Amino acid sequence: MADITMRDRPARRSVDAGRAAVLSRFRTVDSIFAGMTLGAALLVLVLLGGVIVSLVIGSMPAFRAFGLRFLYTEVWNPNDDVYGALGAIYGTVVTSVIAMVIAIPVGIGIAVFLTELCPFALRKPIGMAIELLAGIPSIIYGIWGLFIFAPFLQTHVEPALIAVLGPIPVLGALFQGPPYGIGVLTAGIILGIMVLPFISSVSRDVFQTVPPVLKEAGYGLGCTTWEVMKNIVIPFSRTGVIGGVMLALGRALGETMAVTFVIGNAHRISSSILLPGTTISAAIANEFTEAVGDLYTSSLIELGLILFVITFIVLAIARYMLLRIQRRAGA
Amino acid sequence: MAVYSRKRRIENGVFLALSFGAAALGLVALVFILAALLWNGVAGLKPSVFTQMTPPPGSAGGLLNAIYGSVVMTVLGLAIGAPVGLLAGTYMAEHGRYAKLTVVVRFLNDILLSAPSIIIGLFVYEVVVTRLGHFSGYAGALALAMLVIPVVARTTEDMLLLVPNTLREAASAMGLPRSHVVWKVAYAAARPGIVTGLLLAFARISGETAPLLFTALNNQFWTTDISGPTASLPTVIFQFALSPYKDWQQLAWTGALIITATVLLLSIAARSLGSTRTAK
């Protein structure tokens, strides 16, 4: 017995040495890999920080020249080198409002259809088809809007709107002017179609987190489907639905190509939504490569900064709302 | 005997009809868009589209240089962005799962995920294009990479979090170091989901236009060198669709059909791959 251990000792030592070498190699590999993942995570922070910093630096010349006036003046005149963002901000807000007016009821309607009415076999394919709307690149919406949808609105919808709604006081102001086809309304409708899937898929997901017991209790009391939706499902999942709406709003505010095709690119504020306008992103897409002079470029970058700040706030609210409903669903 | 009062029955009926109508509206919009694309795009789908360069105004040609530029920039963008996104997602799910940093990174990653892509274009213009003094395909690829990172990071994290901890514990108990546990066990278990994320990112950037407008710009001629201005399918569509020339508009429709077909195939592939294992 003793002999054997004695004889084994040198061999054991070399095994120990080998094991130590392997362990130290493992340790190096581990720390390199952990370092790489940490580095990548930090890079995400650096990129977002870099975006903000570079936009702020880029917009300094415009900020020095116009100060806060940039935010509330409408003049956009490259010839005189005078720029104000109000027209573009206005267009961004109005197109997004139109998009939301369309997408919120339709999106929630689709979610209700998918969770309550649709036969089980069709739920997945229809849900997927609606989500495909989000997969279509925005430039496709642009070309479709320009060649198909805008002429359709121009010949069939807008004349009717002008004739029927135009003479009404106050409300009629929204529907004045000739039917161009291209304009704020067209851009808003297309944005509405584009962001539809965001609202419908988030709403469907949060509707499904409503405990069945609650709904069954409602039906047990004799509620109709509508009453169960109105009084139980929607109050229960309100936070999540608002989160989805905010996510869609964030998309609508920053959407570029689809809008650029159909909005007409006019830096002005008109009361009529049938007239051409512009949005922040459309102005940047259209003018940036043609912008001569530092002040012009810088003004466009400041527009980008404004857009980024607005979408950042909207998206932050969206994430916060969705996080809250996730926590509740998990708890 | 009616169970419900007339008013409640009508209210319910109207509401259900409206939600049915909403779903129909969504589907009709999808069908109209796809039908218009097929109708107008197929008309110009000739072999010359894939063999000739983008033409000067008023003459026939193809989209070869644009397709080439798109493919190269998209692949390069994915090659740069995917590893970073994968590692960042790994950090959030594995090494830093309980770290405070993860909460911050996850939040900002989600912001980056839905941030307007034109802002990314402005950023890359400021950082790369003005430094180098000229537009280039590399700048375009970098802009696309910045769009890939948040998508891949997000899906990687989600998928790794679904891997049961018992698998990791078993691997650790057998003496595997942490990096091997992640590589051989966690990645292997989460692979379908991660591939789905890569495909979704690929689909997203292959249709992106806004970030390429002032990074890669455009180029009418054939070049394999992407250190200068580079054509891409989306920017060519943008330019050609807004032109008054019929030939150009036709090419724009055909290009749009090619992009949409690619993107939809990729996202359907991603979904059917992902649906076996994940809810979304």
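Which residues does Ser138(A) touch, not counting residues up to four places away in sequence? The first view answers this, and the others move on through the two chains of this predicted model.

**View 1. The surroundings of Ser138(A) in helix 5 of chain A.**
Welcome to a good starting place. Ser138(A) belongs to helix 5, which covers residues 138-165 of chain A. Leaving aside residues up to four places away in sequence, Ser138(A) touches Met194(A), Glu255(A), Met257(A) and Ala258(A). The C-alpha atom of Val259(A) is 8.8 Å from that of Ser138(A), although 121 residues separate the two along the chain. Ser138(A) counts as buried because its relative accessibility is 16%, and the cut-off for buried is under 20%.

**View 2. Ser54(A), a residue of helix 1 of chain A that touches chain B.**
Now look at another serine. Ser54(A) sits in helix 1 of chain A. Its side chain reaches the backbone oxygen of Val51(A) at 3.2 Å. From chain B, Phe123(B), Glu126(B) and Val127(B) are touched by Ser54(A). With a relative accessible area of 7%, Ser54(A) is buried.

**View 3. The interface of chain A and chain B.**
Step back here to take in both chains. On the chain A side, 77 residues are in contact with 83 residues of chain B. Together the two chains bury about 7300 Å², and 81% of that is on carbon and sulfur atoms. Phe33(A), Trp226(A) and Arg319(A) supply 9% of the area that chain A buries against chain B, more than any other three residues. Between chain A and chain B there are 2 salt bridges, and 8 residue pairs are in polar contact across the interface. Helix 1 of chain A, residues 2-66, gives the largest share of the side that touches chain B, with 21 residues. Sorted by class, that side of chain A has 54 nonpolar, 16 polar and 7 charged residues.

**View 4. A salt bridge from Glu227(A) to Arg8(B).**
This close-up shows a pair that joins the two chains. Glu227(A) pairs with Arg8(B) in a salt bridge, and their closest N and O atoms are 2.8 Å apart.

**View 5. Salt bridges within chain A, with Glu116(A) and Lys215(A) as one pair.**
Over all chains, the structure holds 12 salt bridges. In one of them, Glu116(A) meets Lys215(A), with the closest N and O atoms 3.1 Å apart. This pair links distant parts of the chain: Glu116(A) is in helix 3 (residues 86-117) and Lys215(A) in helix 7 (residues 212-220), 99 residues apart. Lys215(A) is buried, at a relative accessible area of 19%. A second pair is Asp205(A) with Arg204(A), whose closest N and O atoms are 3.6 Å apart. Asp205(A) is partly exposed at 23% relative accessibility, while Arg204(A) is buried at 15%.

**View 6. Glu11(B) and Lys7(B) in helix 1 of chain B.**
Turn next to chain B. Glu11(B) and Lys7(B) form a salt bridge, the closest N and O atoms being 3.7 Å apart. Both residues lie in helix 1 (residues 6-42) of chain B, 4 residues apart, about one turn of the helix. Glu11(B) is partly exposed, with a relative accessible area of 29%, whereas Lys7(B) is exposed at 61%. Elsewhere, salt bridges that share partners join Arg319(A), Asp110(B), Arg154(B) and Asp158(B) into one network.

**View 7. Spans of chain A that carry UniProt annotations.**
Here the records join the picture. An unreviewed UniProt entry places "domain: ABC transmembrane type-1" at residues 89-318 of chain A. In the model this span is 76% helix and 0% strand, and its end C-alpha atoms lie 21 Å apart. The feature "transmembrane region", also from an unreviewed UniProt entry, is listed for spans including residues 83-114 and 182-202 of chain A. Residues 83-114 are 91% helix and 3% strand, with end C-alpha atoms 48 Å apart. For residues 182-202 the values are 90% helix and 0% strand, and the ends are 31 Å apart.

**View 8. Two "transmembrane region" spans of chain B.**
The unreviewed UniProt entry lists several such spans for chain B, among them residues 12-39 and 103-123. Residues 12-39 are 100% helix, and their end C-alpha atoms are 40 Å apart. Residues 103-123 are 90% helix and 0% strand, with end C-alpha atoms 25 Å apart.

Note on methods. Residues are numbered from 1 along each chain as its sequence is written. Chains are lettered from A and ligands numbered from 1 in the order in which they are written. This is a predicted model: local features need pLDDT of at least 70, side-chain atom pairs count only at pLDDT 80 or more; totals for chains, interfaces and linings use all residues. Side-chain values use heavy atoms; hydrogens and water are left out. UniProt positions are given in the numbering used here, feature names are shortened, and annotations may be inferred rather than shown by experiment. Helices (H or I, at least four residues) and strands (E, at least two) are DSSP runs, numbered from the N terminus. Contact means heavy atoms within 4.5 Å. Buried area is the accessible area (1.4 Å probe) that two parts lose on being put together, summed over both. A salt bridge is a side-chain nitrogen of Lys or Arg within 4 Å of a carboxyl oxygen of Asp or Glu. A polar contact is a pair of N or O atoms within 3.5 Å; within protein, one must be able to donate a hydrogen and the other to accept it, and residues adjacent in sequence count only if both atoms are side-chain atoms. Ala, Val, Leu, Ile, Met, Phe, Trp, Tyr, Cys and Pro count as nonpolar, Asp, Glu, Lys and Arg as charged, and the others, Gly among them, as polar. Buried means under 20% relative accessible area, exposed over 50%, partly exposed in between (1.4 Å probe, protein chains only).
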